[in-house]
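Me: I'm new to this one and would like a close look at a single part. Could you walk me through one strand and its neighbours?

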Amino acid sequence: MKDLSSRIAALDPGKRELLLKRLQHQADERAREPRIAEAAPSSPPVARFDVVVLGGGLAGQTLARQIKRARPETTVLVTELRPHPVPESAHKVGESTVEIGSHYFAEVLALQHHLTTAQLRKAGLRYFFPSGANDDVARRVEMGASYFPPVPSYQLDRGRFENALRADNAAMGVEFWDRVKAGPVTRQGDTHHVVLERAGSPCTVACRWVVDASGRAGLMKRQLGLARESGHKCNAVWFRLARKIDPDEWSDAPHWQDRLPKGLRWMSTNHFMGRGYWVWFIPLAPEATSVGIVADAALHPISEMRSFELALGWIAKHEPLCARVIEEHRGTLMDFLALKHYAYGCAQVFSGDRWALTGEAGVFTDPFYSPGSDFIGMSNTYISDLILRDLAGEPIAARAAEYNRIYLNTYESFLTVYENQYPLMGNPRVMAAKIVWDFAIYWGFLTLQFLTGRLCDLELQAKAGHTLQRVNHLNARVQAFFRQWDALEGRDCEERFIDVLDVDIMRRLHYELRDNLPGGELLERFSQNLGLLESLAAALFHEAASLLPNPPNRPVNPYAISLHPEQWEEDELFHPGKTVEVEAVAAGTMEKIRLTTAIQQHSLVDVAHAG
Ligand SMILES: Cc1cc2nc3c(=O)[nH]c(=O)nc-3n(C[C@H](O)[C@H](O)[C@H](O)COP(=O)(O)OP(=O)(O)OC[C@H]3O[C@@H](n4cnc5c(N)ncnc54)[C@H](O)[C@@H]3O)c2cc1C
């Protein structure tokens with residue numbers, strides 16, 4: 001303390017005042033933090049661990065593995081309500097992974113062998129925009145990869161994955177107690193006590209760290225009053241069929257058959273989209289298929305789809321071709337589940353008092369870009385880092401507060417991508433642009449930071465803070481802009497394939513995920529990528545503004561774009577110091593995703609008559 005006081009005294013007055021304000025703020029925050037109640041355990045503990053994890057699903061088991069790999073002498077208990085082994089195929093959703101989650105599983109947890117031998121390599125996310133009555137898949141605009149993206153991702157059979165994790169973790173010395181209901185947590189000094197109940201008999205275990213990984217049961221969230229509602233109101237229903245369903249077989253049209261190598265569509269996460277909804281088809285090894293509907297609650301209420309029969313009827317109305325395929329295989333139905341208002345927030349997820357929430361026990365945004373495993377990878381990485389530092393004797397309170405702030409900010413910025421945006425799924429031009437934009441943000445910053453192993457680098461975070469804040473501002477502006485564009489844009493489009501790894505910005509940012517960016521190089525890359533986004537925002541503006549009566553043909557300020565000409569002066573859209581040029585890579589991107597209007601049947605007839 002003396003050392004800290006003398007270091008503070010040695011600072012110049014301005015810096016000292018800033019630091020003192022910050023320390024005061026941290027102290028105030030900690031005083032407001034919820035506390036686990038102090039109490040003696042209800043019975044003497046039957047065992048003591050360094051870490052007890054409540055819930056042995058994906059988040060809980062991967063966390064145990066991450067800690068054990070980094071510090072093998074750590075004693076870890078995972079408690080799980082369900083009996084193990086769990087069933088394959090029809091276990092849980094969370095089957096499609098993207099780059100952060102895949103890297104976390106394959107590289108951080110060293111599960112590459114399991115992923116490549118027992119699961120399916122994924123051919124990226126694939127989108128089908130609406131066309132007419134959605135009864136001819138070959139007439140829809142398709143957006144996806146034409147080869148396996150070089151930075152890999154996987155389709156997971158969750159039951160198979162959780163069983164393999166349990167067996168592997170046990171071999172590493174992780175204790176796994178199934179059929180155990182974890183109950184309330186109390187603390188006594190530095191020790192936490194957790195009540196566990198098995199077959200009606202309660203017992204208590206003691207631990208230094210307690211981590212809630214109980215998913216939507218949200219054990220500690222409820223105990224500590226941390227639950228926060230989200231304004232993003234969407235619902236989901238899903239089911240599994242014990243059949244391989246390959247969209248390649250959905251049309252005989254030569255352009256559909258010849259466009260892609262056989263099987264590539266099947267190995268993608270396929271999204272069939274319309275206004276306010278998407279329907280997923282995900283292949284599961286060896287021969288099952290996961291199907292789900294995700295929809296904006298205001299446009300497609302859950303009452304229209306809350307049983308298999310209702311859901312099938314709903315699909316028949318909006319996606320008749322998908323419904324025909326499901327109908328054909330309905331005899332192989334394995335399960336059916338529905339979830340209302342799946343998104344939610346949380347007041348706090350990490351604490352210096354040695355408790356944490358991970359996975360769905362904390363926050364959940366939206367499954368559209370499959371970020372669930374990303375959030376697990378990130379929260380587990382923060383939690384492991386805190387636990388390892390604490391066990392090494394390092395004070396962690398300030399770091400826990402900072403990780404908590406960053407993680408909850410990440411949740412908020414992800415939410416901006418989805419909230420109020422489901423109606424855009426019915427608009428091919430706007431949605432194609434949004435998908436490019438959303439991937440550029442995802443790959444250009446957070447994914448790079450995670451893949452280069454710098455998630456917990458607070459020095460980097462401090463230095464990159466300004467750039468990342470600008471990214472968030474720009475993103476909020478562009479997401480609102482997409483809604484304005486949707487209001488003006490026509491939906492009728494000629495059939496086409498958009499090859500995402502041929503779209504300039506997407507190709508560049510995806511391939512650059514393989515770069516090693518030590519020291520300041522990552523910061524430099526963030527700045528370059530922000531420049532790229534600014535240029536893309538300007539290009540998007542010019543594309544959409546061409547729908548206005550007098551589109552401006554000059555550089556614009558990307559942070560001020562809108563399709564409200566009356567606002568432009570006030571928003572400083574043309575402010576000379578703030579405008580950017582559209583770089584070639586952004587112009588090239590727009591070229592690749594521009595969709596032509598379908599020639600109407602009647603105009604062909606007119607042409608024939610004229611001829
Ligand atoms: C519609 C939808 C689609 C999704 N699609 C994807 C996707 O494609 N890709 C993706 O990455 N993510 C996806 N997700 C998110 C994904 O499902 C979650 O990220 C993931 O399942 C969360 O894992 P978890 O371990 O936190 O929770 P869970 O897997 O639910 O694990 C929690 C565990 O805690 C146990 N438990 C509960 N209460 C107790 C108790 N009292 N005592 C002991 N144990 C207890 C439960 O039995 C369970 O096994 C989707 C989510 C939704 C809603």
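Which residue of β15 is the bridge partner of Phe239?

Reply: Keep in mind that this is a predicted model. The residue you're after is Val291, which is the bridge partner of Phe239 in β15. That pair belongs to a longer match-up: β12 and β15 run antiparallel and are joined by eight bridges.

β15 covers residues 288–296, and it is largely enclosed by the rest of the structure, because nine of its nine residues are buried. Now look at which way they point. In a regular strand, side chains alternate between the two faces of the sheet. Here, Ala288, Ser290, Gly292, Val294 and Asp296 point one way from β15, while Thr289, Val291, Ile293 and Ala295 point the other way. Whichever way they point, all of them are buried.

β15 has another partner too. Strand β14, residues 277–284, pairs with β15 over eight bridges, in the antiparallel sense. If you want a spot to find by eye, try Ile282, which stands opposite Ser290 in β15. Between β14 and β15 there are three residues, and the two strands form a hairpin.

Back to β12, since that strand also leads to the ligand. A shell of 39 residues surrounds the ligand, the closest being Gly55, Gly57, Gly215, Gly359 and Gly372. β12 (234–241) is one of the elements giving two or more residues to that shell, along with α3 (58–70), β8 (181–188) and α11 (372–391). By class, the shell holds 17 nonpolar, 16 polar and six charged residues. At least three residues come from each of domain 1 (27–95 + 156–226 + 343–398) and domain 2 (120–155 + 233–342).

How values were computed
Residues are numbered from 1 along each chain as its sequence is written. This is a predicted model: local features need pLDDT of at least 70, side-chain atom pairs count only at pLDDT 80 or more; totals for chains, interfaces and linings use all residues. A residue is near a molecule or strand if its C-beta atom, placed from the backbone, lies within 6 Å of it. Helices (H or I, at least four residues) and strands (E, at least two) are DSSP runs, numbered from the N terminus. Ala, Val, Leu, Ile, Met, Phe, Trp, Tyr, Cys and Pro count as nonpolar, Asp, Glu, Lys and Arg as charged, and the others, Gly among them, as polar. Domain bounds come from an automatic or database domain assignment. A residue is buried if 20 or more other C-beta atoms lie within 10 Å of its own, exposed if 12 or fewer, and partly exposed in between; C-beta atoms are placed from the backbone. Two strands pair if DSSP finds at least two bridges between them.
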